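Student: Could you take me through one part of this model at close range? I would like to look at a single sheet and what lies around its last strand.

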Amino acid sequence: MNKYQSDVEISKRLSYILRHGAIKERIPITNDGWVLIKDLLNNRQMKGVSEEEIINIVAKDQKKRYSIQGEGEEKRIRANQGHSMKVEVAMKEIRDATLYPVVIHGTYMKHLNSIIKNGLQKMGRLHIHMAQGLPKDLKEEQSGMRSTCNVVIYIDIEKAMKKGIKFYESENGVILSEGPIDASCFKEIRRYPSLTIVSIN
């Protein structure tokens, strides 16, 4: 296994524990999602992984999926969003929709009919994830849209907010909502990356 593959594997384990598996793995986790790095490294999933490797992976993560704070024995880590476990994600409620002119959700054509019929759903996570623009339009890579998506849905968050749907911004700029967000709040749907319009009529 080369260094890149090793980092990818460690990152996947890190994501699993911090977003989904800490309780199942019996790793102590705070109400707001923090895990002591020493507890993380003592888990079987992280066998052979060093604190330095964890810190380097977090530092190199362009999407800023994780935060680290503290020193020594008290150094801890958390995922900034994407949890299926019940944790209090650090985020601020969006009050002024005009400050967020572009909000998109990336998905796949095979799911589109269901989304149009049932709206955007959390699908087992705490929130629906959205980005503040296409990857090519952002100054830096951002979470909220997978690179493999082949459809993007542009969300009218002002209209959705008037319906009582709340939106939040996470520490790393991802737009979050508990939803559901129905199709009447979709501005438009485009194929990605061609950006050709998809008709929903």
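Tutor: Here is a walk through the sheet and then the residues around β10. Keep in mind that this is a predicted model. The sheet is open and has three strands, in the order β5-β7-β10, with antiparallel pairing. Its edges are β5 (104–107) and β10 (186–191); each has a single partner strand, so one side of each is left without a neighbour in the sheet. On average, neighbouring strands here are turned by 20° against each other, direction ignored.

Let's look at the pairing of β10. Five bridges join it to β7, residues 151–155, in the antiparallel sense. Within this pair, isoleucine 153 stands opposite isoleucine 189 of β10.

Now for the backbone on either side of β10. Most peptide bonds are trans, and most residues other than glycine have a negative phi. In the loop between β9 (175–177) and β10 we find proline 180, and the peptide bond leading to it from glycine 179 is cis, with omega near -10°. Proline 193 belongs to the segment after β10; the bond from tyrosine 192 to proline 193 is also cis, with omega near 15°.

Leucine 195 is found in the segment after β10 too. This residue is not a glycine, yet its phi is positive, at about 65°. Leucine 195 has 23% relative accessibility and therefore counts as partly exposed, since the buried class is under 20% and the exposed class over 50%.

Methods. Residues are numbered from 1 along each chain as its sequence is written. This is a predicted model: local features need pLDDT of at least 70, side-chain atom pairs count only at pLDDT 80 or more; totals for chains, interfaces and linings use all residues. Side-chain values use heavy atoms; hydrogens and water are left out. Two strands pair if DSSP finds at least two bridges between them. Helices (H or I, at least four residues) and strands (E, at least two) are DSSP runs, numbered from the N terminus. Axes are lines fitted to C-alpha atoms, for helices over the stretch in contact, and angles run from 0 to 180 degrees between N-to-C directions. Buried means under 20% relative accessible area, exposed over 50%, partly exposed in between (1.4 Å probe, protein chains only).
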